[in-house]
Amino acid sequence: MSLFWIYFLSAAAAYLVGSLNGPLLASRGFLRDDIRKHGSGNAGATNVLRTYGVGWTAAVAVWDLGKGVAAIVLSQQLLPASEARYIMLLAGFFVITGHVFPFFFHFKGGKGVMTACAVMFTLDWQVASIALGLFLLLVVTARFVSLGSVCGVLSLPFLGLWFGRGLPDVGMYAAVAALIILVHRDNLKRLLKGTENRFSVKRRTP
């Protein structure tokens with residue numbers, strides 16, 4: 001098989017794995033509901049926490065974190081170790097893209113933060129640790145998950161440069177940041193207007 005097809009199939013497989021959106025699988029497959037009908041309308045972990053509680057949030061978090069790790073680990077097996085970095089970066093980006101725009105759910109998924117966290121820790125734990133720390137700091141102090149998410153991903157390419165990562169790595173980190181900021185555009189508008197909801201948990205029965 002040519003190198004082109006290896007990369008293409010790896011990207012396609014990662015995208016399809018990413019499309020297995022945890023909140024949508026849980027709400028539609030087990031709860032006979034659709035998480036997108038509640039709260040923010042987003043198929044993400046924060047909305048699951050607000051809507052269904054901690055137990056279901058833990059379940060979907062394990063799933064969405066796991067698929068991010070799996071996509072990279074499996075893609076790594078397709079090429080020799082000396083050549084695997086590029087395909088890992090590619091798979092990482094496309095598994096996040098699949099979560100955000102899931103093929104199996106009419107391309108309306110979550111905002112990719114949980115899966116991006118798993119991808120970044122698998123690829124580069126140093127960069128990921130600082131970005132996660134920034135996210136947690138802003139969520140705890142300001143209680144805006146969206147603000148923490150945007151600032152956390154925005155820091156990725158700059159941290160990559162700080163740690164001396166190569167251009168492919170920094171480029172992928174920037175692409176992830178751009179994707180996640182794009183899907184948070186409505187949150188950013190609300191933050192600027194002062195109408196964004198602060199983080200809270202309200203348990204409800206579907």
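## An all-helix chain

The protein chain has ten helices and zero strands. This is a predicted model, so every value below is computed from predicted coordinates. Reading from the N terminus, the elements run α-α-α-α-α-α-α-α-α-α.

How big is the radius of gyration of the protein chain, and what would a compact globule have? With 206 residues, a compact globule would be near 17 Å, and the protein chain has 17 Å, which agrees. Along its principal axes, the C-alpha trace spans about 50 × 40 × 25 Å. Buried residues account for 47% of the 206 residues. If you look at contacts between residues at least 6 apart in sequence, 67% of them join residues at least 24 apart.

## Helix H3, mostly covered

Let us begin with helix H3, which covers residues 45-52. This helix is mostly covered, as six of its eight residues are buried. You can pick them out in the model: Ala45, Asn47, Val48, Leu49, Thr51 and Tyr52.

Which helices do the buried residues of H3 pack against? Their partners are helix H2 (22-30), helix H4 (54-76) and helix H6 (113-123). Just after H3 comes Gly53, with a positive phi of about 100°.

## Two unusual residues in a loop

Now find the loop between helix H5 (85-100) and H6, where His106 lies. Phe107 has its place in the loop between H5 and H6 too. Here is some background: most residues other than glycine have a negative phi. His106 is not a glycine, yet it has a positive phi of about 60°. Phe107, also not a glycine, has a positive phi of about 65°.

Are these residues buried or exposed? His106 has a relative accessible area of 68%, so it counts as exposed, the cut-off being over 50%. Phe107 is at 46% relative accessibility and therefore counts as partly exposed.

## Helices H7 and H8

Further along the chain, helix H7 takes up residues 125-142 and helix H8 takes up residues 145-162. At what angle do H7 and H8 pack? The angle is about 155°, with the two axes 8 Å apart. Angles over 145 degrees count as roughly antiparallel, so H7 and H8 are roughly antiparallel to each other. H7 passes H8 in a right-handed crossing.

On the H7 side, the residues that meet H8 are Val127, Ile130, Ala131, Leu134, Phe135, Leu138, Val139 and Ala142. On the H8 side they are Val145, Leu147, Gly148, Ser149, Cys151, Gly152, Ser155, Leu156, Leu159 and Gly160. The residues of this contact divide into 13 nonpolar, five polar and no charged.

## A closer look at Ala142

Ala142 is found in helix H7. Its relative accessible area is 17%, so Ala142 is buried, the cut-off being under 20%. Which residues does Ala142 touch, not counting residues up to four places away in sequence? They are Leu147 and Arg198.

Arg198 is a nice example of how folding can join separate parts of a sequence: Ala142 and Arg198 are 56 residues apart in sequence and 7.8 Å apart in space, C-alpha to C-alpha.

## Helices H8 and H9

H8 also packs with helix H9, residues 167-183, at an angle of about 165° and with axes 8 Å apart. That angle makes H8 roughly antiparallel to H9. The crossing of H8 and H9 is left-handed, whereas H7 passes H8 in a right-handed crossing.

Which residues make this contact? From H8 come Val150, Val153, Leu154, Leu156, Pro157, Gly160 and Leu161. From H9 come Val170, Tyr173, Ala174, Val176, Ala177, Ile180 and Ile181. They divide into 13 nonpolar, one polar and no charged.

## His184, a buried loop residue

Our last stop is His184, in the loop between H9 and helix H10 (185-193). Is His184 buried or exposed? With a relative accessible area of 4%, His184 is buried.

Leaving aside its neighbours within four places in sequence, His184 is in contact with Lys111, Val113, Ser146, Ser149 and Val150. Two of these may look familiar: Ser149 is one of the H8 residues that meet H7, and Val150 is one of the H8 residues that meet H9.

How values were computed
Residues are numbered from 1 along each chain as its sequence is written. This is a predicted model: local features need pLDDT of at least 70, side-chain atom pairs count only at pLDDT 80 or more; totals for chains, interfaces and linings use all residues. Side-chain values use heavy atoms; hydrogens and water are left out. Axes are lines fitted to C-alpha atoms, for helices over the stretch in contact, and angles run from 0 to 180 degrees between N-to-C directions. Helices (H or I, at least four residues) and strands (E, at least two) are DSSP runs, numbered from the N terminus. Angles under 35 degrees count as roughly parallel, over 145 as roughly antiparallel, 65 to 115 as roughly perpendicular and the rest as oblique. A crossing is left-handed if the near helix is turned anticlockwise from the far one by less than a right angle, and right-handed if clockwise. Contact means heavy atoms within 4.5 Å. Ala, Val, Leu, Ile, Met, Phe, Trp, Tyr, Cys and Pro count as nonpolar, Asp, Glu, Lys and Arg as charged, and the others, Gly among them, as polar. Buried means under 20% relative accessible area, exposed over 50%, partly exposed in between (1.4 Å probe, protein chains only). The radius of gyration is taken over C-alpha atoms; the globule rule is 2.2 Å times the number of residues to the power 0.38.
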